[in-house]
Amino acid sequence: MPNWMQNSDFLRELVITIAREGLEDKYSLQLNPEWRILKNRPFLGSICQQNIRSKQRPRIQELGNLYTADTPRPEEGPEKPHLNIWLEAPDLLLAEINLPKLDGAQGLSLEVGENHLVMGGSQQLYHLDAYIPLRINADESRAAFHRKRRQLMVAMPLLSAPS
């Protein structure tokens, strides 16, 4: 700790409390709120490597008119899932499709076109037809199903970065 922080009881207690609460949240722990600063040892136990993202993420960029094509369907037909889509990097578009009724990707079909995303399945539970106003590299696009969150994650590289 810097000297100016060691001389201020308030700042020292604030930093330690924030660090303790952060560890409790990250590792789902309940730590004893009483603490001591060790005189001759910097730590007890072993230190695990932590990864800190140092590359600044891009600011939110407006994509223009992003809409999901609405086609009239009978009420007993497939449901339109919730779609979250964002620009992760200047040349990478990510999408999350919430599929709470599915346990896995078995039977799902996904088609990625240059500016279209179509998802359906043999079970007829969901159908999504989304227009994307960007040029997608369909050949390099990848998808994975996250079982715990019941989401289909789609990574779509762009053919040209938006201006």
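These questions and answers look at helix α2 in a predicted model.

Visitor: How many residues does helix α2 have, and what span does α2 reach from its first C-alpha to its last?
Guide: Helix α2 runs over residues 9-27. At 1.5 Å a residue, a span of 27 Å is expected. The model comes close to that: α2 has 19 residues and reaches 27 Å.

Visitor: Why are the buried residues Arg12, Ile16, Arg20 and Glu24 on the same side of α2?
Guide: In α2, Arg12, Ile16, Arg20 and Glu24 are buried. An α-helix has 3.6 residues a turn, so residues three or four places apart point the same way. Around the axis, the buried four cover an arc of only 95 degrees.

Visitor: Which residues are exposed on the other side of α2?
Guide: Exposed means over 50% relative accessible area. On the other side of α2, the exposed residues are Phe10, Ile18, Asp25 and Lys26.

Visitor: Is Leu14 buried, partly exposed or exposed?
Guide: Leu14 lies in helix α2. Buried means under 20%, and exposed means over 50%. Leu14 has 37% relative accessibility, so it counts as partly exposed.

Visitor: What accessible area do Phe10, Leu14 and Ile18 have together?
Guide: These three residues form a nonpolar patch on the surface. Together, their accessible area is about 320 Å².

Visitor: Which residues does Glu24 touch, not counting those up to four places away in sequence?
Guide: Glu24 sits in helix α2. Its relative accessibility is 12%, so Glu24 counts as buried. Beyond four places away in sequence, Glu24 touches Leu29, Gln30 and Leu31.

Visitor: Which residue just after α2 takes a positive phi?
Guide: Look just past the end of α2. A positive phi of about 50 degrees appears there, and the residue is Ser28.

Technical notes. Residues numbered from 1 in each chain as written. Predicted model: local features only at pLDDT ≥ 70, side-chain atom pairs only at ≥ 80, totals over all residues. Heavy atoms only, no water. Helix = DSSP H or I, 4+ residues; strand = E, 2+ residues; numbered from the N terminus. Expected span 1.5 Å × (residues − 1). Buried < 20%, exposed > 50% of the residue type's maximum accessible area, 1.4 Å probe, protein only. Arc of directions from axis to C-beta. Patch = residues over 30% accessible without salt bridge, like charges linked within 9 Å, V, L, I, M, F, W, Y side chains within 5 Å. Areas by Shrake-Rupley, 256 points an atom, 1.4 Å probe, with all protein chains shown as cover. Salt bridge = Lys/Arg side-chain N within 4 Å of Asp/Glu carboxyl O. Contact = heavy atoms within 4.5 Å.
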